[in-house]
Amino acid sequence: QVQLQESGPGLVKPSQTLSLTCTVSGGSITTNYYYWSWIRQPPGKGLEWIGYITYSGSTYYSPSLKSRTSISRELSKNQFTLQLSSVTPEDTAVYYCAGYRTSISVFEPWGQGTQVTVSS
């Protein structure tokens with residue numbers, strides 16, 4: 001059973017870069033079952049897809065965040081990471097990593113989520 005766990009700082013200063021890591025257990029991030037995704041939910045708002053990295057290492061980003069986003073992976077640690085640069089308080093959200101199951105077009109499984117607050 002594939003499980004995901006997010007990690008990273010809970011507080012980031014404006015203009016800095018937000019960095020989060022998702023550790024995958026129970027399966028390899030090179031499996032072609034999944035695209036490995038980042039999704040966020042700002043307070044009082046709906047879910048927003050940020051982007052994903054495929055099993056071959058290709059990346060796709062939300063057009064609205066593309067200029068500030070980078071998703072990469074560390075194969076030796078079975079991890080993938082999110083970097084979001086030049087953050088503002090509007091980037092405050094709960095950040096989730098999730099596996100996008102390509103065969104059935106659903107996000108499953110999800111990590112538990114991690115709160116990131118952008119504040120000076």
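With 120 residues, the chain would be expected to have a radius of gyration near 14 Å if it were a compact globule, and its 13 Å agrees with that (taken over C-alpha atoms, the rule being 2.2 Å times the number of residues to the power 0.38). The model is a predicted one, so to speak of a local feature takes a pLDDT of at least 70 and to count a side-chain atom pair takes 80 or more, while totals for chains, interfaces and linings use all residues. Residues are numbered from 1 along each chain as its sequence is written, and side-chain values use heavy atoms, with hydrogens and water left out.

Along its principal axes, the C-alpha trace spans about 40 × 30 × 25 Å. Buried residues account for 41% of the 120 in the chain; here buried means under 20% relative accessible area, exposed means over 50%, and partly exposed is what lies in between (1.4 Å probe, protein chains only). Of the contacts between residues at least 6 apart in sequence, 54% join residues at least 24 apart, a contact being heavy atoms within 4.5 Å.

On the secondary structure side, the chain has 11 strands and 0 helices. Both kinds of element are DSSP runs numbered from the N terminus, with at least four residues for helices (H or I) and at least two for strands (E). Read along the sequence, that gives β-β-β-β-β-β-β-β-β-β-β.

Four of the strands make up an open sheet in the order 1-3-8-7, with antiparallel pairing. Its edges are strand 1 (3–7) and strand 7 (69–74), each of which pairs on one side only. On average, neighbouring strands of this sheet are turned by 20° against each other, direction ignored; the axes behind that angle are lines fitted to C-alpha atoms, for helices over the stretch in contact, and angles run from 0 to 180 degrees between N-to-C directions. Strand 7 runs antiparallel to strand 8 (residues 79–84), and 6 bridges join the two; pairing calls for at least two DSSP bridges between strands. One bridge partner in strand 8 is glutamine 83, which sits opposite serine 70. In general, strands of a sheet pair through backbone hydrogen bonds, either parallel or antiparallel.

Turning to charged side chains, the count comes to 4 salt bridges, each defined as a side-chain nitrogen of Lys or Arg within 4 Å of a carboxyl oxygen of Asp or Glu. Arginine 40 is a busy residue here: its side chain meets that of aspartate 91 in a salt bridge of 2.8 Å, N to O. This pair links distant parts of the chain, with arginine 40 in strand 4 (residues 34–41) and aspartate 91, 51 residues apart from it, in the loop between strand 8 and strand 9 (93–101). Both arginine 40 and aspartate 91 are buried, the arginine having a relative accessible area of 5%. Arginine 40 also forms a salt bridge with glutamate 48, where the closest N and O atoms are 2.7 Å apart. Glutamate 48, at 22% relative accessibility, counts as partly exposed.

Another salt bridge joins glutamate 108 and arginine 101, with 3.6 Å between the closest N and O atoms. Salt bridges that share partners tie Arg40, Glu48, Arg68 and Asp91 into one network. Glutamate 108 is partly exposed at 37% relative accessible area, and arginine 101 is likewise partly exposed at 29%.

Next to glutamate 108 in number comes phenylalanine 107, which lies in strand 10 (residues 106–110). Phenylalanine 107 is partly exposed, at 29% relative accessibility. Beyond its neighbours within four places in sequence, phenylalanine 107 contacts Ser37, Ile39, Trp49, Ala98, Gly99 and Tyr100. The C-alpha atoms of phenylalanine 107 and isoleucine 39 are separated by 9.9 Å, with their positions 68 residues apart along the chain.Two loop residues round off the picture. Threonine 54, in the loop between strand 5 (48–53) and strand 6 (59–61), is buried, with a relative accessible area of 4%. Its side chain makes a polar contact of 3.0 Å with that of serine 56 (a pair of N or O atoms within 3.5 Å; within protein, one must be able to donate a hydrogen and the other to accept it, and residues adjacent in sequence count only if both atoms are side-chain atoms). Neighbours within four places aside, threonine 54 is in contact with Tyr35, Tyr60 and Arg73. Proline 14 is found in the loop between strand 2 (11–12) and strand 3 (18–25) and is partly exposed at 32%. Not counting residues up to four places away in sequence, proline 14 touches Val87, Val118, Ser119 and Ser120.
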